[in-house]
Structure formats: C-alpha cells, structure tokens
2 protein chains.
Amino acid sequence: MYKQYLEHNQKVKDVESAIALMHWDMETYMPEGGANVKSRQIGTLSSMHHEMATSSEYANLLQKLQDDNSLNPNQKKNVELSLNDFNRKNKLPAKFVAEMTKASSEGFMLWQKANKENNFSIFSDQLEKIVNLCKQAADYYGYEGHIYNGLLEEYEPGTTKEEVDVIFKDVKSELLPLLKDIQAKGEIDNSFLKGKFDCDKQWDFGIDLLKQMGYDFKHGRQDKAHHPFSISFGSEDVRVTTRVVEDDIMNMVGSCIHEGGHGLYEQGFSADAYGLPESQAISYGLHESMSRFWENNIGLSKEYWEHNFPKMQKYFPTQLGNIEFSNFYKAINKVSPSLVRTVSDEITYHFHIMVRYEIEKGLLEGSLKVKDLPEFWNAHYKDYLGVDVPSDQQGVLQDVHWSHGSIGYFPTYSLGSFYAAQWHHSIKKAFPDFDGKVKKGELGFIKNWLQENIYQYGRLKSAKELCTDITGEPLNFKYFLDYAKNKYLG
Amino acid sequence: MYKQYLEHNQKVKDVESAIALMHWDMETYMPEGGANVKSRQIGTLSSMHHEMATSSEYANLLQKLQDDNSLNPNQKKNVELSLNDFNRKNKLPAKFVAEMTKASSEGFMLWQKANKENNFSIFSDQLEKIVNLCKQAADYYGYEGHIYNGLLEEYEPGTTKEEVDVIFKDVKSELLPLLKDIQAKGEIDNSFLKGKFDCDKQWDFGIDLLKQMGYDFKHGRQDKAHHPFSISFGSEDVRVTTRVVEDDIMNMVGSCIHEGGHGLYEQGFSADAYGLPESQAISYGLHESMSRFWENNIGLSKEYWEHNFPKMQKYFPTQLGNIEFSNFYKAINKVSPSLVRTVSDEITYHFHIMVRYEIEKGLLEGSLKVKDLPEFWNAHYKDYLGVDVPSDQQGVLQDVHWSHGSIGYFPTYSLGSFYAAQWHHSIKKAFPDFDGKVKKGELGFIKNWLQENIYQYGRLKSAKELCTDITGEPLNFKYFLDYAKNKYLG
C-alpha cells in the first residue's frame with residue numbers, strides 16, 4: 001500500500017515538474033509569441049495536477065495508511081504530512097479556488113497597470129476583493145488566535161502571528177537604534193561598484209562563485225532571467241537563474257549566491273524520496289534562510305571576500321585594481337535606508353518587511369482600509385526608514401505579492417534572515433576554524449554541514465524541531481542582532 | 001458537441017506540448033545528471049497522454065460527431081481524421097504496445113553498444129525480435145497487398161508499397177546512369193569548405209539564413225543540439241536546432257535551412273486549429289519535403305548563393321575571400337558516393353534509402369534474414385554506390401531507426417525529396433521571375449506560396465489530394481529526375 005502511495009506521489013511530482021519546466025522556459029528561453037499557448041498548457045496541466053493531488057482514491061489510500069502499523073517512522077511521517085497537506089487543500093471549496101484564481105489573475109493585470117501608471121486607485125478595488133477572499137480563505141482553513149494565522153500557516157507552517165510579533169517587536173526596539181548607530185558612523189562611498197563591468201566576465205565570475213559553494217552543475221545549470229529564481233524538477237535537476245546588469249556587479253553577485261543557496265537546498269533532498277514530503281522544503285522561511293545564509297552571512301563576510309576580492313580584481317582590473325580591500329568590504333556592506341525592498345541592505349530590509357507585515361495584519365483585522373494604504377505606507381517609511389516616498393510606484397505599488405493573493409508571505413523573508421543568523425552561529429561553533437577555511441575559499445564543509453543538519457530531512461522535521469535540534473532553541477532574534485552588532489559596530 | 005471535441009483535443013495537445021518541451025530540454029539545456037528523472041517524467045506524461053487520446057468517452061464523442069449534420073465540411077474532415085487516428089491507435093492491444101516499447105528501449109541500448117563496439121551480433125537477436133513485433137503490428141493494423149503497407153501507413157498515410165516500388169524502380173533505372181554521367185565529369189575540389197570557421201560567426205550566419213527564409217523568431221528560436229531537430233509546442237512556438245562544427249561550415253548551413261524548412265511548416269499551421277488534424281503535418285514524407293525543398297532546391301541553388309556567397313565571404317574573408325563563386329557552387333554540390341547516409345549528397349542519398357527499403361521489405365516478407373543483413377548491405381553498397389564498406393559501424397549499424405522499431409520510415413526521406421522537386425517545379429511555373437527574386441535574396445514570396453498552397457491545410461488534404469491540386473498529378477519521380485539532370489548535366 002505504501003508503494004501505491006509512493007507511486008502516486010511520484011506521478012504527481014512528474015506533472016509538477018513538467019509545469020515547473022514550462023515556467024522555467026517562460027522566464028528563460030521562450031520566444032515572446034509563445035506566451036499565450038504556454039499559459040493554456042500550464043493551465044491544463046495544473047488542473048490535472050490538482051485532480052491527482054485531491055482525488056478521493058488518494059484520500060482513501062492516505063486514510064488507510066494512517067492505520068498501517070507496518071510503516072517505519074520515516075514512512076509514517078511522510079504519510080502524516082501528506083494527509084495534512086491533503087486536508088488543508090480540501091478545505092477550500094472548488095468554487096472558491098476558481099474565484100481566487102480569477103481574482104489573482106485580474107489582480108496581477110491591474111497591479112501591473114497601476115504600477116506602470118503610478119496610480120493606486122486602478123488597483124485598490126481589486127485589492128479589496130483579494131483581501132476579502134483571503135479573509136474567507138483563512139476562515140475555510142480555520143485558525144487559532146489571530147486571523148493572520150489562517151494564512152501564515154500556508155507559508156510558514158507551525159509558526160504563529162503571535163511568535164512573529166515577538167520578533168518584530170525586537171526588530172523595532174533593537175534594530176532601529178542599531179540602524180541609527182550604523183548611520184552615525186558616516187557615509188560610505190560605493191560608487192566604484194557602479195562602473196561598467198563587462199557582462200560576459202560577470203557571468204564567468206558568477207559561475208565561479210556557484211562552483212565554490214558546491215552547487216552541482218551536473219545536476220543543475222544557471223541561465224539569465226529578468227527576475228532571478230531557482231526551480232527544481234526533482235533534486236537531480238535543480239536550476240538557478242541570475243540577472244546581469246552592466247553597471248551593477250553586486251546585483252549579479254548577490255543573486256547568484258542567493259539563488260545558489262536555494263538551489264543547494266533543493267539539490268540536497270534525497271533523490272529516493274522524489275515526490276514525498278521528505279524531499280520538500282519545510283517552509284518559505286526555511287528556504288529563504290538557505291539563500292540568505294549564503295548571500296549575507298557568507299557572501300557579504302570579510303573572510304569570503306578576502307578570498308574572492310583578489311579574484312574579482314583579476315576579472316576587472318581597470319574597475320577594481322586600485323580599490324583597497326577595506327573600502328570594497330565597506331562598500332558592499334553599505335547600510336542606507338531606501339525606498340525599494342528588493343535592493344535594500346541586510347539591516348534596513350527588515351523595516352521594509354515590518355511595514356508590509358503591519359499592513360497585512362491591519363487589512364485582515366479590518367483596522368486598516370485599502371484606501372488608506374498609501375498614507376499608511378508613506379508615514380511608516382518616514383517613521384522607520386526616514387525616507388520620503390515620492391510616488392506609489394516606488395511605494396505601496398512596488399511588490400507583486402498582494403496582487404497574486406499572497407498575504408502572509410512577507411514575514412517569511414525576515415524569518416529567513418533570522419534563521420540564517422542562527423545557523424551561522426551554530427556552524428561557527430561547530431567549526432572553530434570557520435573563518436580560516438572561508439578565507440581560503442574552502443566552502444565544502446559548509447555545504448556538508450547543511451546537508452547533514454538540514455537538507456537531508458526535507459520536511460521530516462518541522463522548522464521548530466530542526467532549529468531546536470541544531471541550535472538548542474527555537475528561532476531567536478538575538479542571533480541576528482548579535483551578528484549585525486558584531487559586523488557593523490564590532 | 002464539437003466544442004467538447006475541440007477542447008478535448010486542445011488538452012491532449014497541451015500534454016503533448018509539455019512532453020515535447022521536455023524532449024527539447026533534454027537535447028538542448030538539460031544538465032547531464034537530469035536524464036533519469038526527466039525520462040520518468042516523460043513516461044508518466046506519455047501514459048496520461050495515451051489515456052486521454054484513447055479514452056472510451058472520447059470514442060463515444062467521435063462516434064456521435066460522425067452523424068452530426070450541423071458540422072461544416074472543415075469540421076467534418078477534422079472529425080473524420082480524428083476517428084481514423086483513434087481507430088488505428090486502438091488496433092494495437094495495450095499489452096502489445098508495452099511489449100513493443102520495452103523491445104524498442106532495449107533495442108536502442110543494444111544498438112548503441114553494437115555500434116560502439118562495431119559488432120552486429122550484439123544487436124541482431126534484438127533486431128529479430130523487433131522485426132517480429134513489427135510484423136505483428138502490421139497484422140494488428142491490417143493491410144492490403146504487401147505486409148509493408150501495414151507499417152508504411154503509419155509514416156506515409158495513403159501511400160502504398162506498390163507505389164513506392166514504382167518510384168524506386170525509376171531511381172534504379174534512371175538515377176544510377178545519371179550518377180555515372182555526373183561522376184564522368186571529373187573530380188571537384190571542396191577542401192576549402194573544411195577549413196576553420198569560427199563557430200560564433202557560423203551561428204550568426206545561420207540566424208541570417210533563417211531570417212531570410214521567413215522563419216519567425218517571435219514564435220520560435222534556434223538552439224544548438226548534437227542531432228539537429230525541429231519541434232513544435234503549437235504553431236505559436238516552434239523551435240529549431242542546429243549543429244555547429246568548426247571544420248564543416250556546410251553542415252551548419254544545411255541543418256539550419258533543413259530544420260528551418262520543417263519549422264516554417266509547423267509555424268504555418270492555423271493557431272485556431274490548435275490540437276486538431278488541421279494543424280498537423282500530413283505525413284513524414286510531406287514534412288521532409290518542406291525541409292528538403294529549402295535545403296536542396298533553394299539552399300543548394302546557384303541563385304540562392306549568388307545572393308548569399310558574398311555575405312558568407314564577408315563573414316569568412318580569410319577562408320573564402322579568394323574562392324571563385326563557380327568553384328564554391330560546384331563544391332557545395334559535389335556528388336560523391338560515400339558510406340554514410342546523413343552526410344551524403346542529394347543524388348546518392350537515394351541509393352542509401354533504396355538499400356534500406358529493400359532490406360525492410362525482405363525482412364518483413366521473410367525473404368531476408370537478420371543474420372544476413374551485413375552481407376546484403378555491403379553487397380548492395382558496392383552495387384549501387386561502388387563503395388566498399390569497411391565495418392558494420394559505418395555500414396548496417398549506422399542508423400538508429402530500426403532499433404526504435406521504426407520499420408517503414410526510411411522511404412519517406414526519399415519521397416520528401418521527390419515531392420520537393422515537384423513543388424519546385426510548380427512554384428517556378430507560378431513565378432516566372434523565380435530565379436530573379438531568389439538572386440536578390442527575396443524569399444518572402446516562397447513562404448507565402450507554401451503557406452497558401454500547403455501549410456494552411458494541415459491534414460485537411462491528403463498528400464495525394466494536395467499534390468494533385470498543386471501540380472496536376474500525384475507524386476511523380478520525373479520532376480526530381482528533371483531537376484537533377486538540369487542541375488548536374490544541364
């Protein structure tokens with residue numbers, strides 16, 4: 001019977017992977033005129049996927065397997081997670097799902113238009129509709145405590161709004177003063193990072209960085225995409241994409257290492273557990289911790305660049321040959337409040353998230369109205385980041401997420417950074433010569449540690465279990481704070 | 001009810017396109033280690049595709065539609081063709097299909113090994129098994145006259161072995177003497193085509209040639225592949241691939257134009273008829289006629305190169321700057337009997353096919369035994385082409401087709417060339433200034449003519465109907481013979 005369960009899930013994953021390949025193709029190589037036909041193909045396969053994953057035969061199988069005493073603990077856990085997924089998925093009536101899908105796709109188009117024309121009112125009615133649907137979804141799912149929990153569970157299973165509040169309270173009380181202290185240290189010149197950097201050379205340098213991390217090119221590849229992403233067709237074929245911009249080399253570096261981190265996680269899942277929860281990511285926050293750990297904790301560290309800056313200078317002698325290492329290191333770590341989340345530094349980033357998180361809670365509770373969003377947004381950007389928002393385009397309209405119906409997603413970005421700091425602390429404790437190895441460009445031990453402690457489990461451990469097993473306690477913001485203080489004021 | 005039929009076929013095509021994309025990916029960008037997981041994904045989707053295409057609900061729908069008098073002639077024709085396809089597909093029992101699939105996949109592996117080790121005996125037992133299965137398939141399908149017809153129908157519907165025999169009788173009696181006459185004209189030096197040609201420049205030149213043909217890059221793209229092919233995900237996204245070899249520029253040129261010809265055909269199908277016979281190719285031979293017409297009749301013509309040779313010289317001034325046009329033209333049209341089909345010229349090519357066709361007939365009739373194949377092969381290569389076959393690797397083991405269970409496929413390659421000559425004759429008659437336009441690089445009118453006369457119909461006309469409508473008669477070898485005589489002896 002378990003075999004039947006396994007085969008069913010493998011087939012579902014096969015269809016999922018075909019859909020994933022079509023998405024990959026859309027973002028990388030598809031000719032412009034292929035978009036319509038590709039969309040309908042994705043639609044058809046998505047329906048088939050949904051039917052397979054929610055069939056009553058599968059439900060019966062899962063029910064029976066629950067009482068199967070011949071399963072080993074690992075198998076039991078897989079079945080338990082599949083059953084949870086199944087039940088959650090089936091809480092939404094088909095009619096509601098169709099409504100949500102329609103609202104999101106209309107929402108996306110209206111958001112694009114609103115963004116382009118810098119006019120929030122084009123999007124606001126639809127956003128109101130989406131917020132109401134999200135509230136309904138939370139009700140269908142059911143939740144304890146705050147309504148936010150009904151949605152957060154989708155992105156960060158096992159973590160509650162009440163726990164996230166505790167963390168953001170610290171962000172507010174601890175990180176805001178730290179930001180002031182960092183700013184008090186004076187301006188940093190990073191203009192030399194905005195020169196002209198040949199795109200082909202950037203590409204080669206990026207591949208070099210991916211190889212150093214241990215990203216496996218036998219089971220993956222890198223391509224260019226406008227919005228970088230990583231995608232898996234099973235752990236034996238996990239691809240990453242990056243963006244190469246001539247006058248912004250750190251954009252490429254950051255996206256290579258970030259997506260490489262996501263990719264390593266997916267490559268690290270057991271190929272034998274293809275299709276099972278055991279070869280899936282725990283949560284959005286955990287996935288993000290895998291990318292941010294590499295991108296920030298490793299990829300913005302002094303030790304990392306002690307090895308890589310001389311390399312980078314060889315790639316770009318005219319642009320960087322005369323730059324001193326200490327200035328380079330300061331420049332790539334310049335902390336500077338700004339308007340746009342996606343290009344913000346590792347400290348101010350969390351204020352961007354905090355504003356969004358507060359808005360989401362307010363919208364769901366009803367304490368904040370959609371029409372008041374721009375005002376709320378601008379006031380809080382002034383308050384937390386000290387910046388004046390010149391337009392909704394660069395303000396409340398900058399992110400796509402809400403238009404897709406993704407409410408409850410944003411905090412996982414910050415959780416990712418905070419988990420990453422906690423892993424960082426643990427691995428440094430496990431390897432007293434951590435800095436020495438990184439300085440020499442020896443990063444293999446990091447991938448091995450992640451494989452052993454995180455990748456191999458897939459979803460067999462929850463985020464909380466995993467975090468406690470590795471670090472001795474659940475997620476704790478103090479690790480990030482210590483990391484930041486030590487790095488920026490130490 | 002027709003709407004239901006349409007939607008069913010669109011969905012089947014959606015799945016087919018997802019499978020096609022996975023194949024494209026395998027041949028272009030897939031990392032080496034992704035092959036196993038991709039194969040299983042293709043397997044799962046292929047089963048789903050088969051189930052959809054052969055479901056009893058669909059059968060009932062087709063039956064009912066047959067008697068639906070509200071259909072217009074175009075709709076009636078689509079339904080009729082779908083019903084034929086359905087009935088033919090359902091003639092093979094599922095168990096037999098599974099057996100055939102297994103035998104082919106084992107056959108492919110054994111053929112690879114036999115080819116690599118130059119040892120026919122590794123492959124011969126499996127080939128015998130495959131031949132027997134093909135005989136069974138012919139019996140399941142049913143046929144009139146020769147058993148070969150049971151299989152040929154799969155590749156060249158509506159054309160019989162008896163008709164193909166008539167053509168190859170002419171090949172033997174007319175083309176063999178012509179070959180002798182051509183050879184009597186003396187040796188041609190084509191060594192300058194084997195110099196070093198920068199691969200990036202070759203690529204650019206190839207793209208240029210595709211654009212000239214009217215290949216639509218908004219609805220297509222070219223990539224590199226070891227074995228060039230074209231593939232469609234619906235007429236709005238049709239891709240081609242080419243091979244670039246530094247010391248063999250005409251290899252790239254030939255494969256670009258050849259695959260471009262296939263691609264134009266698929267791009268020319270009605271997007272509204274997505275999923276219907278109306279947007280499918282008539283037969284393998286017709287598809288091949290679309291590629292060979294461009295590759296040989298246009299792409300090896302004097303007029304074509306009067307426009308393109310000066311361009312090519314600009315791309316490669318060191319290699320070709322001092323070559324006289326007349327020598328270039330002779331070199332690219334060098335006729336020279338050789339061992340390997342895929343690199344042979346447009347005249348001797350058909351002797352390669354004739355040997356294979358005779359072998360296939362013999363095997364199916366039982367007049368030829370698998371164990372006697374090498375001897376038969378070598379004797380006939382000596383007889384028709386005057387060459388001594390030094391090894392089975394360069395002889396009977398050179399093609400993959402039989403290992404896949406494709407018996408009855410080879411003659412369609414020759415039919416393609418012969419149809420192409422017949423189209424060529426008609427279009428030249430329709431455009432008295434044909435040569436003048438081609439000389440100026442104005443090829444748009446050719447694509448338009450093909451669109452109007454061939455592409456737009458998809459399968460609505462059979463090969464015979466199409467050929468008669470355009471040229472006034474069914475396929476006739478004399479057009480190819482005239483073309484060849486005129487070109488090589490004229």
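The paragraphs below go through the interface of chains A and B, a sheet in chain B and one loop residue in chain A. The model is predicted, so local features need pLDDT of at least 70 and side-chain atom pairs count only at pLDDT 80 or more, while totals for chains, interfaces and linings use all residues. Residues are numbered from 1 along each chain as its sequence is written, chains are lettered from A and ligands numbered from 1 in the order in which they are written, and side-chain values use heavy atoms, with hydrogens and water left out.

The interface comes first. Chain B and chain A each contribute 35 residues to the contact, where contact means heavy atoms within 4.5 Å. About 2,900 Å² is buried between the two chains, and carbon and sulfur atoms give 62% of that area. Buried area here is the accessible area (1.4 Å probe) that two parts lose on being put together, summed over both.

Four salt bridges are counted between chain B and chain A, each being a side-chain nitrogen of Lys or Arg within 4 Å of a carboxyl oxygen of Asp or Glu. Asp25(B) forms a salt bridge with Arg239(A), and the closest N and O atoms of the pair are 2.6 Å apart. Two elements of chain B, α1 (2-28) and α2 (35-53), give two or more residues to the side that touches chain A. Of these, α1(B) gives the most, with ten residues. Helices (H or I, at least four residues) and strands (E, at least two) are DSSP runs, numbered from the N terminus. By residue type, the side of chain B that touches chain A divides into 15 nonpolar, nine polar and eleven charged residues. In this division Ala, Val, Leu, Ile, Met, Phe, Trp, Tyr, Cys and Pro count as nonpolar, Asp, Glu, Lys and Arg as charged, and the others, Gly among them, as polar.

Chain B also holds an open sheet of three strands, in the order β1-β3-β2 and with mixed pairing. Two strands pair if DSSP finds at least two bridges between them. The edge strands, β1 (222-224) and β2 (230-232) of chain B, each pair on one side only. β1(B) and β3 (residues 238-242) of chain B pair in the parallel sense over three bridges; Gln222(B) has Val240(B) as its bridge partner in β3(B).

In chain A, Leu475(A) lies in the loop between α20 (463-471) and α21 (478-488). Beyond its neighbours within four places in sequence, Leu475(A) is in contact with Ile167(A), Leu415(A), Phe418(A), Tyr419(A), Gln422(A) and Cys467(A).
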